[in-house]
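Student: Hi! Could we go through the empty spaces in this protein and then its ligand?
Tutor: Sure, let's have a look together.

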Amino acid sequence: MIILGSLILILAVAAYFRLPLIVWSLILGAAILFIHIYLDVSTKSLLLAWGIYFIIVVPLNLNLLRRYAISAPIFKLMGGIMPTISQTEQEALDAGDIWWEAELFSGKPDFSMIRNIPKPQLTDEEQAFLDGPVEQLCEMIDDWKITHEDYDLTPETWKFIKDNRFFAMIIPKEYGGLEYSALCHSQVIMKLGSASGSTAVTVMVPNSLGPGKLLMTYGTKEQKDYYLPRLAKGIEVPCFGLTGPYAGSDAGAMPDVGIVCRGTFEGKEDVLGIRLNWEKRYITLAPVATILGIAFKLKDPDHLLSDVTDRGITLALVKRETEGVEIGRRHFPMNQAFLNGPIRGNDVFIPMDWIIGGEQYIGKGWSMLMECLSDGRAISLPALGASAGKIAARFTGAYSRIRKQFHTPIGYFEGVEEPLAEIGGQAYAIDAARLLVLSSLDSGEIPSVISGVVKQQIMERMRKVINHAMDIHGGHGISMGPKNFLARAYQLIPVGITVEGANILTRTLMIFGQGAMRSHPYLLKEVEAVHNKDVKQGLKDFNQALFAHIGFFISNVVRSFWIGLTASRLLRTPGTGITRHYYRQLARMSSCFALMTDACVAILGGSLKRREKISGRLADILSNMYVITAVLKHFEDEGQQEKDIPLLKWACDDALFNIQTAMKGVMVNLPVPVIGRMLNMIIFPLSKPYQKPDDKLGHKVARLLLEPSDTRERLSKGIYVNDDPEDATGRIEYALNYVLKTDELNKKIRAAQKEGRLSPSDDLYLEAKAKKIISGNEYALLIEAEAAILNAIKVDEFSNTGWEVETP
Ligand SMILES: Cc1cc2nc3c(=O)[nH]c(=O)nc-3n(C[C@H](O)[C@H](O)[C@H](O)COP(=O)(O)OP(=O)(O)OC[C@H]3O[C@@H](n4cnc5c(N)ncnc54)[C@H](O)[C@@H]3O)c2cc1C
């Protein structure tokens, strides 16, 4: 028994350290030999041990034997059941780069990859743009006026945006653009978003997926030379039409068609071109666009270009004034002022050189879109989410300190503390998640899976923080008007959730599906091998991938169980103190995730794609592991500030709890319950180790938001802050200063009351002054503070007959 146990232990150690099969086999052989020579073991046991060794272990190392005896039948079986990858799926899989998610799928992440990424840094020029034109734009925007009165930005704002090249942040300098980093681009949108969501969306669209980005990446020289300088100067306003009434999330199903034909163009006859018909909707900036990017399916029935009739999804730039283009109507998305509307094309004839990238890019539209989609997902929307997190944390924290009920600042009530803590923790997580993906983009990578993670996670977390902020502000958040900074952010939530890959679809179909296929060390290799037309090569590749995969699986079983049994304490990871604790948890969860992925793939195979509730939970695990990574990186980049530890802990504890919840969800919902139970025993051998952030921690986080501190400054860094008592957020900052300045005085007055030196009076401050409890100056300060507080808690009032603001 002891001998058997020792052999199993040796094998487990080999699996834990992921030793190759040959090393593993040699160690096992040496162990049996040692037992044979030195220990007193019965001949029967020795024969059994050597029998197993020579009949099972040795043949496993003989590649040819293994290939034909074991891999070939499985290969044949898989060929029948493994689904093929469609062309659009393949294009999505090929788009972008594999990044940090591959380490998380590996079960043994190499943290140096993340820790070696330098801290994100703006150039002096970028900082000057943020401190100059961006600050000025924030000051000039009147969000109420544009969203309620004009339903559009003012002409001055449009001009300022174009003159200062806000639409040209991604365009290279050689074309007159600003050529800013992804980090700067994000900081600009984030700051604008804190002053006006509508302005931020207006600016972000031309800098995101659209004609500018597509031309830069794929345009012909003529297209770039003509359009990019015009886009940079704002002479052209772009929009991009992909979505239509019949093709929303399933954009590839668009019925919009272009037929290759000959026609008349600008007076010239017999021009080779395309007759286009389309119907698109929800297109941002369409009502004012001068140049429309259109996605359509190109057909060549008369074979004017080649023998192929269906040429696939193609992208073209169509000038607004082209005959047959219908534009100018608008939708009204959630009371926002950014322009959005339908565009239609009826028999619009365009020449071939309007195809983005020219004829060589015919049919490549889907992969072009997939490749460029990462920017919108990783830059613009997360910037809006960070903006929401920061305004909620800074101004709801301040409001909770200013607003008193039951003679107490509402932020001191435990009931308010709870959502306030979540606002703080989530704002920290959101910013960290945003910054990490920007580092990847700025190093030239296109992290397509993580950009989906960031989009989906930040939008969900934005929804939470803004909802909590609304609850805490009560009627102050609900009553709309120029004084309300929150309600428009609340209305913007569904927009963020829906655009650039709606969240439900992104979570349940894309993140895990794409992540597993692209980043799992063996899965794609196996699928490709099974579908390889060269069957001999396919079998060879399959055999190699399969055995490596089996070793990987065994290793993850052993690692997950052992790490769980030792509560991760023996894991070697970077970090010190609290960070090491979280690095260890992350390493543990990565191993468990790798195991769970294989278990799900083994049980569900190709049907996992349809089991969206399972793959959504697997996506949650991956996404929350990314969030922990980002939070650790952010904490370290910020210099490991002691005072920020509650935020780090809140964000990590929350993410770990989310991971545990998702894992439990997978375990109890697997179609083979016994596998779920086995996974539970391996992954959580002692107990479920993670709890939601506890009350004490929540208390610490909430307190960080209630008054100015370096931590609060870091948490809300980059948004538009002012202390103008007439401004929606400025009046809160203004009042907070007074509340804090008069805190001691109020304590003095309360003490005097308790001691009976002051009677309950209508005018407590006056009485305190008369009785010399406070000085004349102190009295004046208290009166000023009272006025500032009243101003900060005020809501707008309107006339009954119209919408004139009549706030007294
Ligand atoms: C304000 C705004 C601005 C926009 N700007 C542009 C633009 O400039 N250009 C452009 O081309 N488009 C734009 N869009 C379109 C946007 O990208 C689409 O709204 C989005 O793709 C979803 O399509 P849909 O609204 O038709 O919803 P649907 O596709 O009908 O989806 C409805 C719901 O079903 C879910 N769902 C769908 N399929 C699945 C699935 N397989 N599994 C799980 N869930 C699924 C979705 O997640 C969603 O929750 C904009 C939309 C809005 C609202």
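Tutor: Let's start with the second largest cavity: α17 (448-473) and α20 (503-519) each supply at least two residues of its lining. Helices here are DSSP runs of H or I with at least four residues, strands are runs of E with at least two, and both are numbered from the N terminus. Keep in mind that this is a predicted model, where local features need pLDDT of at least 70, side-chain atom pairs count only at pLDDT 80 or more, and totals for chains, interfaces and linings use all residues. Residues are numbered from 1 along each chain as its sequence is written, and side-chain values use heavy atoms, with hydrogens and water left out.

Student: Which helix gives the most to that lining?
Tutor: That is α20, with 4 residues. The whole lining is Arg377, Ser448, Val449, Gly452, Thr506, Met510, Ile511 and Gln514.

Student: What counts as a cavity, though?
Tutor: On a 1 Å grid over the protein atoms alone, a cavity is a set of points where a 1.4 Å probe fits but cannot get out, and lining residues have an atom within 4 Å of a point.

Student: How many cavities of 30 Å³ or more are there?
Tutor: The count comes to 4. The largest holds about 60 Å³, and the second largest about 50 Å³. Each volume is the space filled by probe spheres set on the grid points, which are joined across faces, edges and corners.

Student: What lines the largest one?
Tutor: Its lining is Ala92, Ala95, Met370, Leu373, Ser374, Arg377, Ser448 and Gln514. Helix α15 (residues 365-402) provides the largest share, 4 residues.

Student: New topic: how many residues surround the ligand?
Tutor: There are 21, and the closest are Phe240, Leu242, Thr243, Ser249 and Tyr282. To be near the ligand, a residue needs a heavy atom within 4 Å of it. The largest share of this shell, 4 residues, comes from α20.

Student: And which polar atoms of the protein lie by the ligand's nitrogen atoms?
Tutor: A polar side-chain atom of threonine 243 is 2.7 Å from a ligand nitrogen, and a side-chain N or O atom of glutamate 612 is 2.8 Å from a ligand nitrogen. A polar contact here is a pair of N or O atoms within 3.5 Å.

Student: What about a ligand oxygen?
Tutor: A backbone N or O atom of leucine 505 lies 3.2 Å from an oxygen atom of the ligand.

How values were computed. 1 Å grid on protein atoms, 1.4 Å probe; cavity = no way out; pocket = protein on both sides within 12 Å on 5 of 7 lines; lining within 4 Å. Polar contact = N/O pair within 3.5 Å; in protein donor to acceptor, adjacent residues only side chain to side chain.
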